[in-house]
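Here is a short tour for anyone opening this one up for the first time. Have a look around, then read on.

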Amino acid sequence: MFLYTGVAAGFFAAVCVVAQAYVLSDIVDRIFQKKQTLADVTALLGVLLALAFLRAFIIWCSDVLAQRSASRLKGSLRQKLTQQIFALGPAYTQSESSGELVNATVEGVEVLDEYITTFQPARLLAMLVPAFVLVVIFLLDPPTTLILLFTGPILVLLLAFIGGRVKEITEKRFLELSWMSAFFLDMLQGLATLKMFGRSREQIDNIRDISRHYGATTMEVLRIAFQTGLVLEWGGTVATALVAVEISLRLMSGFLPFNRALAVLIVTPEFFLPLRQLALKYHAGTAGKAAADRIFAILDTPIKQARAPTTRSARSLPARSDIRFDHVSFAYDAGQRPALQDFSLHLPHGQTIALVGATGAGKSTMAQLLLRFIEPDRGSITIDGLPLDEIDLAAWRARVAWVPQQPHLFHGTIADNIRLARSDASEADVSAAAQAAQAHEFIRQLPQGYATPIGERGARLSGGQQQRLAIARAFLKDAPFLILDEATSHLDSVSEAAIQDALTRLMRGRTVLIIAHRLKLVYTADRVAVLDRGRVIEVGDPRALLTQGGPYQQIVASYEGAA
Ligand SMILES: Nc1ncnc2c1ncn2[C@@H]1O[C@H](COP(=O)(O)OP(=O)(O)OP(=O)(O)O)[C@@H](O)[C@H]1O
Ligand SMILES: [Mg+2]
């Protein structure tokens, strides 16, 4: 939509210029050739002035319009990207570099906007305006059209020739920028680790190398852009000079009336102007194209997980959370990294199931499957007999309270962060949840209590404090199905013991999946499953298993030994 109004505005501005040229040549002709007085041409001068104003007005309108639609476009594009990234889910963001995604959504959208609002109209205008000027010149003086018909395509060819090179380099430049962002973000997040290992120097060298590379590529782009500009300026000037020579020769030998000659001379540069402007915007154009490719690649990434229940009619949630995994297999990285193999487990309604096993056994993967951040490659997950992927996703997630292994705290106050679980919770609810999670005490000691702002990673809280906030969320959510993934792993044994009672109370009457290294909570579970490299190797009553000399007993023995 904007494209057409922008092109129309540019076209009418060009029409104004041609009309101006015509009127101007007429005025000059009347005064110098026909010896009229200034008074005789006042009307024409008025027309000239009006045309100038009209042109300025058109350009102003189109600029304002461009700005407006640009910000709208950027807004909606970022919104789409965010929606898409949300839809793709954590499995996607973990496999992509965050710095690179940030670059695509922030910088990429910015240059794409330039591409759409300036380069695209310029490209269309570079075809329309010369054609129009050509027609006008043909009407004024057919022989001149021949010169333009000959020089115009040469310039276009030159532009296309250099353009191909620009494209390659700007794409490289965009890649390098993404890379730099990714590297920088990584470095910021791992600053402490890097300093600890004495790697600051190397990182600084790395950044220097990357920036140097990026700088060199940028200079290359600018050099070529400058060359393109130079060639076109030069070519345009030479062609205009040719026209001037040809016209003056014919003017002197009396083949061409003065006013026409002058009009042709003034209009001719307009033939080359759009091409020159296109050359100026060429590198913005190619940069935008590179960004567009990346952005549309993100937008076109098929959403594997969480198939929206639009394809199948979503069924409403069964009343009971009776969960069954049947021969489920799942591998990360497109089948490259198997995490669960032929995994079967029954989580009966209202019972507590504990999942134990070595690190990397696939415990968190099972939780991710239940939350439908990922979908099984094979096998099925059913809730009370209904396939999980046919159940309305939002309704299902509303039923699950999940305390993740690495809870994330957002920019905002402590209360906001707890209230994430239920946005309409009252202050009393929030503090009750915090009390249950043993978080109330430390929150009260913070300078502003519940209103204390915390950083994007909860920078000012300890690991155990963050974990307690995550548990407070679960209390506040009060959902019938609870997943605790190493929920107490960062807590000291005193806090853990204190929270244990609260968790036991929370677990009562709910279906619970506990994933734990530490086994205190596991002892109280109704059933325990031992996972080894993606397979269930033992299931049973924790007390009974203790006497059977199986894997569970070994795990407990080594744990008790260590304790
Ligand atoms: N996003 C991911 N991309 C690729 N591989 C992954 C991803 N997440 C986990 N894995 C791999 O899948 C396997 C199972 O991981 P998972 O997180 O389920 O283990 P876990 O049992 O929860 O371990 P821990 O006790 O250390 O939390 C591991 O080999 C891990 O390297
Ligand atoms: Mg885990």
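## A buried leucine

Let's start with Leu355, which is buried, because 26 other C-beta atoms lie within 10 Å and 20 or more are enough for that label. This is a predicted model, so everything here describes a prediction. Leu355 sits in strand 3, which covers residues 352-357.

Who are its neighbours? Setting aside residues up to four places away in sequence, Leu355 touches Lys363, Met366, Leu513, Ile514, Ile515, Ala529 and Leu531. There's also a long jump along the chain to point out: Leu355 and Arg527 are 172 residues apart in sequence, yet their C-alpha atoms are separated by 8.8 Å.

## Around the ligand

Ligand 1 has 13 residues around it, and the closest are Tyr332, Thr359, Lys363, Ser364 and Thr365. Three elements each give two or more residues to this shell: helix 8 (332-335), strand 2 (337-347) and helix 9 (363-370). Which of them gives the largest share? That's helix 9, with three residues.

As for the chemistry of the shell, seven of its residues are polar, three are nonpolar and three are charged. Lys363, one of the closest residues to ligand 1, has turned up before: it is among the contacts of Leu355.

## The four-stranded sheet

Next up is an open sheet of four strands, in the order 2-1-4-5, with antiparallel pairing. Why does one side of strand 2 and of strand 5 lack a neighbour in the sheet? Strand 2 and strand 5 (386-387) are at the edges and have a single partner strand each, so one side of each is left open within the sheet.

Strand 1, residues 323-331, pairs with strand 2 in the antiparallel sense over six bridges. You can follow that pairing residue by residue: Phe325 has Leu345 in strand 2 as its bridge partner, and Ala331 stands opposite Pro338 in strand 2. Strand 1 also pairs with strand 4, again antiparallel, this time over five bridges. Here Arg324 has Thr382 in strand 4 as its bridge partner.

Helix 9, the one that gives three residues to the ligand shell, turns up here too. It lies across strand 1, strand 2 and strand 4 (378-383), and it runs at about 70° to strand 2.

## Two positive phi values

Most residues other than glycine have a negative phi. Two residues go the other way, and they are worth finding on screen. One is Lys35, where phi is near 55°. Lys35 lies in the loop between helix 1 (2-33) and helix 2 (42-95). Is Lys35 buried or exposed? It is exposed, with 8 other C-beta atoms within 10 Å.

The other is Asp342, with phi near 50°. Unlike the loop residue, Asp342 is placed in a strand, namely strand 2. Asp342 has 14 C-beta neighbours inside 10 Å, so it counts as partly exposed.

## The whole chain

Now zoom out. The domain assignment splits the chain into domain 1 (2-300) and domain 2 (323-562). How many Å separate the two centres? Taken over C-alpha atoms, the centres of domain 1 and domain 2 are 55 Å apart.

Definitions and conventions. Residues numbered from 1 in each chain as written. Chains lettered and ligands numbered in written order. Predicted model: local features only at pLDDT ≥ 70, side-chain atom pairs only at ≥ 80, totals over all residues. Near = placed C-beta within 6 Å. Nonpolar A, V, L, I, M, F, W, Y, C, P; charged D, E, K, R; others polar. Pairing = 2+ DSSP bridges. Contact = placed C-beta atoms within 7 Å. Axes fitted to C-alpha atoms, helices over the stretch in contact; angles between N-to-C directions. Buried ≥ 20, exposed ≤ 12 C-beta atoms within 10 Å, placed from the backbone. Domains from an automatic or database assignment.
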